[in-house]
Amino acid sequence: MADDVVPIVFKTLVKTADKKFSKVRDIPPHIRAPNHYFSTVFKAYTKLWKFQQQNRSKLTDAGLQRWEIGEIASRIGQLYFMQYMRTSEVRFLIESYIFYEAVLNRGYFDASHCKVKDRGLRFKELRFYARFLQVSLILNRWEMVTHLLDRFRALVDDSNKTFGETSFKEWNIVMQEMARFMKVDAAITNMRPLRYCFMFDSYPNSLKYVARFHARKVLKLRDALLMSYHRNEVKFGELTIDTFRMLQCLEWEPSEELYQKQPVDSRGNAGLTNQSYSSGLIDINLVADMMDPSLPPNPKKALLYRPSVTQLLSVMATMCDGLPPDSVMLIYIAASGNSGQSQTSVTQRQKYQSARTSNVSESNNLIPQINFNEKESSSHPFESSLWLGPSRTLGSNDLYPGDLIPFTRKPALFIIDSNNSHAFKVLHGAERGEPAALFLSPSRPTFKSPLGDVTQYGSQFTLFLTAPLLACCQMLGLTYSDVDAMEDAQSIVSTAFSEWEVILCTSTALDLVWAQVLSEPLLRRLILRFIFCRCLLTLYQHKEGKDLYVPVCLPQLPDSVSPHSRVVQSAAIALTKHLKVSHCFRFDNL
């Protein structure tokens, strides 16, 4: 190919790839877009990547800048991350990490290669660091996260000095968010992975019972919706601390082989030492070779950050409509409860009740009614809701228990994490097709020592479901620094979980709602952790009404795993004795 034609072809390929990328980027992650959309973009970037490799010297002579190569590689990394968010397949996340790491190691955006300070290039570099930080965070590459944060902080400081006429306020906010996120989640860096790991989360003594267990109906976890909406919550970008924990809790920990990728060539070219690896040639078919055959597929997840009520219901409807047969969806909603008795809400509630009374005969004939007892009806319908909005505008920003009823036509597990979660008890018995499983958080968290604003630490209930021992230590004001002591404590918890698995698998009193999901490892682990959470919070010596501090599950689990059962309470006694906090609990005489 003639030297003068190469730059023209390159620019055409870049323009084509960017155009296709923009179309895919604008599709919301929760929309199930046809796979050929992404395949087309991958092919466009494969062609572009190969072309710049084969014609590097000609393109360099024609004026190709290093940052232009970096931008292509960064786009590919971004594309892989987008595909991970749509499919929940960790192999795409790992590929994204590899491309971003290559850009970092080769310094493609390094301003020292430019003769003139370029503000546009600086913004590209800042965006690259922010995206790489997010990928490293989700992949639990904590050393890289720390390294990137240090470099990002230095880059922001330099930007403020070098480009004084330009505001970098938003990048200062990004830096502060990440530092705050790291501070809150620092303990997780020294503990077991949040993802399901066979080494830690399967128990040899109960395996045969799990293998033999078979309910009349067996459901697999295929889809999950994770949503968080709190004021001033810990987050990085649109990833809150609670959705971050739940995201990983619903995935399988990849094998070490999947992490061991071909090292990047230390030379300045953009290829790999071995061009047969998928990171060197962007080919979606090669990426398929990274599948770990020993692991089941991860459930697809839709992450929503501060959605409106209508947006949330729309995504739930899409998920419910597309749920495969013999599958169950998990709906995780973390939000503040709107249960205040303001004068305005009382007046509006009185108007509602007056209108409801005057039209009671007509409404009884037209629609089925849900019966609420006197206690429940005292806060329904205006106070019994979750608040999803920038202001407490009654109705439009409130998610009511009844809003979720239409989605009970398909099997679902609802996890409601809110100070008003117990209002959602009314879902039980009001389903429209399939009986729903419910995990409802306590109305108030439990802490031995006050922590101030609890939103600064993430939800205690969510932490119990994702990192139970860490949640226990946080509740009791203990540090996670003594590795040996924590390993012994983890051994006590694992032994207890193994025993509880056997009880659940052999129980004749296990409700079908729980029996049909017990064979699903990710959900079985959540059930065991709920039992652990409920036990500790029930037996803790609270200074006031205990009901506010105890989670609820519906339908009820068997009494054999209740907080007052011998096998459950014995495990709590063993753990609290080991942690030297028995005085904080009130145990029955066993």
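E233 counts as buried, with a relative accessibility of 7%; here, buried means under 20% relative accessible area, exposed means over 50%, and partly exposed lies in between (1.4 Å probe, protein chains only). The structure is a predicted model, in which local features need pLDDT of at least 70 and side-chain atom pairs count only at pLDDT 80 or more, while totals for chains, interfaces and linings use all residues. Residues are numbered from 1 along each chain as its sequence is written, and side-chain values use heavy atoms, with hydrogens and water left out.

E233 is placed in the loop between β1 (220–229) and β2 (235–236). Helices (H or I, at least four residues) and strands (E, at least two) are DSSP runs, numbered from the N terminus. The side chain of E233 is joined to that of S228 by a polar contact of 2.6 Å. A polar contact is a pair of N or O atoms within 3.5 Å; within protein, one must be able to donate a hydrogen and the other to accept it, and residues adjacent in sequence count only if both atoms are side-chain atoms.

Another loop residue is Y400, found between β7 (398–399) and β8 (412–417). Y400 is buried, with a relative accessible area of 16%. Y400 and S385 are 15 residues apart in sequence, and their C-alpha atoms are 4.5 Å apart in space.

The backbone also deserves attention. Most residues other than glycine have a negative phi, and most peptide bonds are trans. The table lists two residues with a positive phi.

| Residue | Phi | Loop between | Relative accessibility |
|---|---|---|---|
| S88 | near 65° | α4 (66–87) and α5 (90–106) | 2%, buried |
| N140 | near 65° | α6 (119–138) and α7 (142–162) | 22%, partly exposed |

The peptide bond from L554 to P555 is cis, with omega near -10°. P555 belongs to the loop between β10 (552–554) and α23 (566–578).

On the surface, K15, K19, K20 and K23 form a positive patch. Patches are made of residues with over 30% relative accessible area and no salt bridge, and like charges are joined within 9 Å, whereas nonpolar side chains (Val, Leu, Ile, Met, Phe, Trp, Tyr) are joined within 5 Å. A salt bridge is a side-chain nitrogen of Lys or Arg within 4 Å of a carboxyl oxygen of Asp or Glu. K23 lies in helix α1 (residues 6–25) and is exposed, with a relative accessible area of 56%.

How values were computed: Accessible areas come from the Shrake-Rupley method with a 1.4 Å probe; for residues, only the protein chains shown count as cover. Lys and Arg count as positive and Asp and Glu as negative; His and the chain ends are not counted. The place of a charge is taken as NZ of Lys, CZ of Arg, CG of Asp or CD of Glu.
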